[in-house]
Amino acid sequence: MEKGKKRRREEEGEEIEAESSDLDHSLSLEKNLTFSDTLMALRIMRAQFPQIDKVSIQPFILQSQLYSSVKDRTQVDRELESLKREKVVRIFKLNTGQDDHGIMFLDDYLKQIEHVVKRMEERKQGDFEVFKWFREHVIESKLESSIEHQELCSLLSLGGRVRDQHISLLINAGLLTRQLIDPSMYWFAIPNIGSILKGLSQGRKEVLSLLNRRRYKEMMLAPLEKMRLRFSPLDMRFHLRDLIGSGLLKTAHTPTGIVIRISKD
Amino acid sequence: MWKEIGDREAGKIRPNSFSSRIKSNRISNLQLSNYKDIVSPHRGSINSLQVDLTEGRYLLSASSDASAAVYDIQKPTNYEGNGLIAKHKCLFSVDKQHERGHKYAISSAIWYPVDTGLFVTGSFDHYIKVWDTNTRQVVMNFKMPGKVYRTAMSTLATSHMLIAAGTEDVQVRLCDVASGAFAHTLSGHRDGVMTLEWSTSSEWVLITGGCDGAIRFWDIRRAGCFRVLDQSQSQLGRRPPVLDRSAANKVFSKSRSAGQSSLVKPQAPQKKHANGHPIKQTTVGRMPAKGSARQRLHPGMLSIQDRATAHYGAVTGLKVTEDGMYLLSAGSDSRIKLWDLESGYNTLVNYEMVRLQTSKPIQLAVSEDSARVFVPCMTVVKAFDVWTGKMSLAFRGHYESVNCCWFSSQDQVAMIDKFLSGLRANRFPMTWMKGTLKTRIIGVIRIYFYIDLFQISHAIYTKKFGVTEFVNPKDHDKPVQEVIAEMTDGGVDRSVECTGSINAMIAAYECVHDGWGVAVLVGVPNKDDAFKTHPVNVLNERTLKGTFFGNYKPRSDLPLVVEKYMNKELELEKFITHEVPFSEINKAFEHMLRGDGLRCVIRMDA
């Protein structure tokens with residue numbers, strides 16, 4: 001019953017938030033821990049993405065954050081798959097861990113690419129039509145998170161003659177990265193995301209060590225949320241959602257509120 | 001259950017649904033068994049377990065100390081605890097001492113599917129041996145190019161007797177038992193093959209999972225594999241409706257031939273055939289990969305170019321469901337995926353998992369009606385519902401990581417399911433076996449009033465809490481601390497005294513080992529008692545310590561205990577032996593004075 005009330009409050013909150021659509025730090029994690037629908041969760045979390053000054057990056061959401069917000073994981077997987085097929089979001093495999101995936105709305109991704117292309121154009125000369133080809137042919141048709149070299153060349157050649165310099169340009173811009181296991185396959189990547197990923201893994205370690213140092217390896221959610229992280233530009237709420245979703249932290253409901261503890265299994 | 005029987009009698013339920021309801025009820029009540037104990041002679045971890053498929057009577061286990069043992073799980077060898085605990089010792093075991101036994105760890109042991117006359121073992125010493133069960137001799141020996149990770153024989157095979165072997169070499173080899181020679185090899189994997197299974201719907205189809213993360217399907221009558229599972233090909237739910245499938249086809253851009261052809265439009269593969277048909281390639285493509293020579297490949301070998309992966313790490317476990325429609329695969333990326341075998345798609349069911357063992361292959365088990373899958377996750381065996389991915393049961397009882405589990409669906413009394421995963425017996429109707437190292441826990445009861453019932457009940461109660469050995473002081477004339485010191489080569493590492501009797505306290509202190517033994521006194525003694533012991537014990541660095549209320553701060557620690565109970569990590573109900581209303585309070589006192597029970601609850605309202 002408590003969950004039902006929470007959800008109703010959330011739905012009202014969601015409507016208001018969707019209208020305002022800018023960051024809202026005052027909405028605490030405690031009230032908004034679970035959502036009923038993946039798309040709604042994605043939108044809310046996108047709106048709650050912290051603003052970082054040094055790097056300009058569009059909001060992205062980690063898959064583990066979705067798992068912690070929506071109760072049924074299978075439903076999350078399936079809804080993500082259908083959103084991917086409808087070309088609303090794009091999923092990227094991140095290199096920060098075993099199974100980390102980042103989800104970005106397609107419009108945000110295209111904005112990010114444009115931003116990067118503009119910066120590159122200011123700096124040096126080169127053949128920049130490859131970015132246009134990339135955007136028109138590759139992103140439209142290839143929905144998975146990785147692509148083979150042959151296929152990449154064949155899709156890019158729909159726009160014009162492809163040369164090796166073009167592919168190097170794409171890699172330099174940060175749109176593609178080579179796979180370590182397989183030299184002829186590439187992962188799609190979000191450009192300019194490197195420092196944030198570093199902050200992500202450092203922030204994870206910091207949160208875990210914060211809780212590990214405590215005597216009983218647990219802490220109430222309300223004060224934990226207010227703590228500031230030293231090594232990560234992302235806020236505590238982001239990290240908590242991610243860690244709960246990947247199973248490293250567990251939540252428990254107590255009469256005084258939600259308590260977060262390290263899971264030991 | 002009685003309601004179901006009544007309904008069946010009246011004809012309201014059909015026989016199949018009746019039996020499946022009873023079975024699923026039984027499975028949801030799986031617990032560690034107190035009445036059945038399987039005694040393992042192994043000194044290393046158990047890597048594989050299998051109950052024979054013909055009778056469901058003999059259990060074969062393979063261990064890291066190069067030994068394999070066979071047990072009869074239906075007929076115990078002897079009884080303990082006054083006839084209540086059935087002990088199953090091994091019927092025989094073949095180990096390093098055997099003249100042609102394995103030299104290194106045995107990674108897999110399987111029964112010959114037709115009868116229990118033969119069994120096959122594969123080991124890290126690069127050999128696969130076929131043993132005759134009755135004479136316990138090696139009848140056939142196959143040398144492999146690398147460490148053998150898994151062996152498998154098809155249970156449906158009527159026209160071939162092939163052992164499929166997955167080794168650290170990239171090729172899967174098929175060994176023929178009938179002729180003693182190798183049949184052929186299957187190439188396509190790019191790294192070692194950790195796990196393989198024969199299909200349960202066709203005797204010619206073999207499924208292999210490799211360290212490169214790929215799952216390949218092979219028809220052994222042809223060259224090359226006919227399918228590689230790709231985790232990005234997915235379907236939502238059990239089977240997509242017909243329209244969705246054609247849409248999925250267009251989305252599927254990574255076709256088999258994309259790697260070779262330089263055509264822009266990827267060719268739609270005709271791969272959704274019944275098992276056994278190879279892929280029809282419309283063009284035999286050339287492979288203009290960067291820097292490698294052009295090759296014209298046999299159509300069956302084109303699958304080598306397919307680099308689809310099923311998992312982001314190595315594939316560590318495979319299990320085909322009994323009905324042959326689904327495949328469950330576990331990977332070292334700590335994910336378990338459910339694949340629809342007919343369409344070859346990932347069904348996107350998410351099993352809540354945090355960590356899985358990554359260096360060793362694990363053995364999964366599926367219940368008979370394919371509703372639950374049992375997965376060993378580190379020290380716990382978790383049962384998940386196959387379709388929703390939610391964890392329904394967790395079996396905690398092992399001290400080390402669990403390697404393998406087996407679900408046996410037969411029993412001596414019809415239709416009761418058994419489940420084995422280690423060295424412990426599970427509660428009726430389930431048994432457990434684990435692949436772990438054993439630690440010894442000895443329980444002593446100190447009774448002043450000898451009552452037969454009490455002994456037995458203790459034998460059972462303490463078994464539930466993990467006791468491995470049991471000493472009754474009444475059985476020996478020597479003081480019990482000397483008995484224990486003898487049993488444990490000098491003394492125990494830790495002893496805990498809980499009754500408060502001063503003699504028990506002294507015995508607890510004197511039975512710990514010199515140098516590192518610690519005796520903890522929990523029970524509250526009488527205020528007039530005197531603790532007397534030889535000072536030489538103190539000199540020998542034995543430690544005596546006491547604890548008041550368990551060193552607990554009630555405010556912060558009691559909630560943790562309650563939490564543990566709620567998570568079913570503490571089984572408090574088993575401590576409560578009697579329950580009486582307030583009016584019969586004297587009975588409770590009598591129970592206590594007689595020593596009948598552990599804890600008696602008095603209900604104050606009655």
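The following paragraphs describe the two chains of a predicted model, their sheets and selected residues.

The model is predicted, so local features were taken at pLDDT of at least 70 and side-chain atom pairs at pLDDT 80 or more, whereas totals for chains, interfaces and linings use all residues. Residues are numbered from 1 along each chain as its sequence is written, chains are lettered from A and ligands numbered from 1 in the order in which they are written, and side-chain values use heavy atoms, with hydrogens and water left out.

Chain A contains 11 helices and 9 strands, where helices (H or I, at least four residues) and strands (E, at least two) are DSSP runs numbered from the N terminus. Of its 265 residues, 54% are buried; buried denotes a relative accessible area under 20%, exposed over 50%, and partly exposed the range in between (1.4 Å probe, protein chains only). The accessible surface of chain A is about 13,000 Å², and carbon and sulfur atoms account for 50% of it; areas were obtained by the Shrake-Rupley method with a 1.4 Å probe, and for residues only the protein chains shown count as cover. Contacts (heavy atoms within 4.5 Å) between residues at least 6 apart in the sequence of chain A join residues at least 24 apart in 64% of cases.

Chain B comprises 9 helices and 36 strands. Buried residues account for 52% of its 606 residues. Its exposed area is about 28,500 Å², of which 54% is supplied by carbon and sulfur atoms. Among contacts in chain B between residues at least 6 apart in sequence, the share joining residues at least 24 apart is 52%.

In chain A, an open sheet of 3 strands follows the order E7-E9-E8 with antiparallel pairing; two strands are taken to pair if DSSP finds at least two bridges between them. Strand E7 (218–220) and strand E8 (249–254) of chain A occupy the edges with a single partner strand each, so one side of each has no neighbour in the sheet. Neighbouring strands of this sheet are turned against each other by 25 degrees on average, direction ignored. Axes for such angles are lines fitted to C-alpha atoms, for helices over the stretch in contact, and angles run from 0 to 180 degrees between N-to-C directions. Strand E8(A) is joined to strand E9 (residues 257–262) of chain A by 6 bridges, and the two run antiparallel. Within this pair, Lys250(A) has Arg261(A) in E9(A) as its bridge partner. Helix H9 (residues 194–213) of chain A packs on the sheet and touches E7, E8 and E9 of chain A, with its direction at about 95 degrees to that of E9(A).

Chain B likewise contains an open sheet of 3 strands, here in the order E1-E6-E5 with mixed pairing. The edges are formed by strand E1 (36–38) and strand E5 (78–80) of chain B, each with a single partner strand, so one side of each is left without a neighbour in the sheet. From one strand to the next, the twist averages 30 degrees. Strand E5(B) runs antiparallel to strand E6 (residues 85–88) of chain B, to which 3 bridges join it, and Glu80(B) lies opposite Ile85(B) in E6(B).

Elsewhere in chain B, strand E8 (residues 106–111) is mostly covered, with 6 of its 6 residues buried. It is joined by 5 bridges to the antiparallel strand E9 (residues 118–123) of chain B. The two strands, E8(B) and E9(B), form a hairpin with 6 residues between them, in which Ser108(B) has Gly122(B) as its bridge partner.

Individual residues of chain B were also examined. Met140(B) lies in strand E11 (residues 137–143) of chain B and is classed as buried because its relative accessible area is 19%. Beyond residues up to four places away in sequence, Met140(B) touches Ile128(B), Lys129(B), Val130(B), Asp176(B), Val177(B) and Gly180(B). The C-alpha atoms of Met140(B) and Ala181(B) are 9.6 Å apart in space, with the residues 41 apart in sequence. Asp219(B), in strand E18 (residues 215–219) of chain B, is buried because its relative accessibility is 2%. Its side chain reaches the backbone nitrogen of Arg221(B) at 3.0 Å.

With a disulfide defined as a pair of cysteine sulfur atoms within 2.5 Å, the count over all chains is 0. Among the cysteines, Cys211(B) is partly exposed, because its relative accessibility is 23%, whereas Cys377(B) is buried, with a relative accessible area of 6%.

How values were computed:
Polar contact = N/O pair within 3.5 Å; in protein donor to acceptor, adjacent residues only side chain to side chain.
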